[in-house]
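Biologist: Before I trust the labels on this one, I'd like to hear the reasoning behind them. Can we go through it together?

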Amino acid sequence: MRNDVRLAALLLASALALLSAACSSNSSGGNSGLNMAGAWTVTATSSEGKGTVSGTANVAQSGQGLGTNGVTTLTAVVGSISFSQTGTSLTGTITDSIKSVTYNFTGTLSGDNLTITGSAPCSVQGTQSVNMSGTITSSSTQGNYTITRSSNCYYSGDAGTWTATKQ
């Protein structure tokens, strides 16, 4: 259960960063990107009885900035998120520095709505995938997540809701 919650929290923090791009989604080169640096609080609540987890992370940002075409990297103690944005399309990686696992993801922005799909190995032969969708305002995000794991993974999947607020 703790690993499910850690994975959800890491991916939710990632979604926070990616969903924030929707707030200023603008493919023209004239506008500056959204600055995500600062302290964020993320809460994930399982709808499958796996509990609630909440945490705060200080985020540093480098690159073009969210909501602009180009590459942006966000870093925190638990890992980093690096993504490339072209118009409404996002591709990138999430690195969990504690477990040394990298998740690949793709995303699509549409107004204030975003869908993220990511995957990573969960054992020698198993895979896990994450699907997330949500909305954003200027200071908070919220949405739903689903974690699916193949039968040979150690932990089962999960689903639930998440929120994130910039302090």
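What follows is a talk about how the labels on this predicted model come about.

Biologist: Let's start broad. How many helices and strands are there in the protein chain?

Modeller: One helix and ten strands. From the N terminus on, the order is α-β-β-β-β-β-β-β-β-β-β.

Biologist: And where is confidence lowest, and where is it highest?

Modeller: Helix α1 (residues 2-23) is at the bottom with a mean pLDDT of 48, while strand β10 (residues 158-166) tops the chain at 90. For the protein chain as a whole the mean is 75, and 71% of the residues reach 70 or more. Go carefully with residues 16-31: pLDDT stays under 50 there, though the model has 52 contacts for them beyond four places in sequence.

Biologist: Fine. Why is Gly126 called buried?

Modeller: Buried means under 20% relative accessible area. Gly126 comes out at 2%, so the label fits. Gly126 sits in the loop between β7 (113-121) and β8 (127-136).

Biologist: Which residues is Gly126 in contact with, leaving aside its neighbours within four places in sequence?

Modeller: Pro121, Ser150, Asn152 and Cys153. Cys153 is 27 residues away along the chain, yet its C-alpha atom is 5.4 Å from that of Gly126.

Biologist: What makes Ser46 buried?

Modeller: The same cut-off, under 20%. Ser46 has a relative accessible area of 12%, and therefore counts as buried. This serine belongs to strand β1 (residues 38-46). Beyond four places in sequence, Ser46 touches Gly51, Tyr145, Asp158, Ala159 and Gly160.

Biologist: What makes the link between the side chains of Ser46 and Asp158 a polar contact?

Modeller: The limit for such a pair of N or O atoms is 3.5 Å. The two side chains are at 2.7 Å, inside that limit. The Ser46 side chain also has a polar atom 3.0 Å from the backbone nitrogen of Glu48.

Biologist: Now Thr91. Why is Thr91 called partly exposed?

Modeller: Partly exposed runs between the buried limit of 20% and the exposed limit of 50%. Thr91 has 43%, so it lands in between. Thr91 lies in strand β5 (residues 89-96). Its contacts beyond four places in sequence are Ser82, Phe83, Ser84, Phe105 and Thr106.

Biologist: How far apart are the C-alpha atoms of Thr91 and Thr117?

Modeller: They are 9.7 Å apart, with 26 residues of separation along the chain.

Biologist: On to the strands. How do you know that β3 and β4 pair?

Modeller: Two strands pair if there are at least two bridges between them. β3 and strand β4 (residues 79-86) have seven, antiparallel in sense. One bridge puts Thr73 opposite Ser82 in β4. With two residues between them, β3 and β4 form a hairpin.

Biologist: What about strand β2 (residues 52-63) and strand β3 (residues 70-76)?

Modeller: Four bridges, again antiparallel, against the required two. Gln61 has Leu74 as its bridge partner in β3.

Biologist: Last one: how much of the chain is buried?

Modeller: Of its 167 residues, 40% count as buried. The chain exposes about 7,800 Å², with carbon and sulfur atoms supplying 51% of that. Among contacts with a separation of 6 or more, 43% come from residues 24 or more positions apart.

Note on methods:
Residues numbered from 1 in each chain as written. Predicted model: local features only at pLDDT ≥ 70, side-chain atom pairs only at ≥ 80, totals over all residues. Heavy atoms only, no water. Buried < 20%, exposed > 50% of the residue type's maximum accessible area, 1.4 Å probe, protein only. Contact = heavy atoms within 4.5 Å. Polar contact = N/O pair within 3.5 Å; in protein donor to acceptor, adjacent residues only side chain to side chain. Areas by Shrake-Rupley, 256 points an atom, 1.4 Å probe, with all protein chains shown as cover. pLDDT = per-residue confidence, 0-100.
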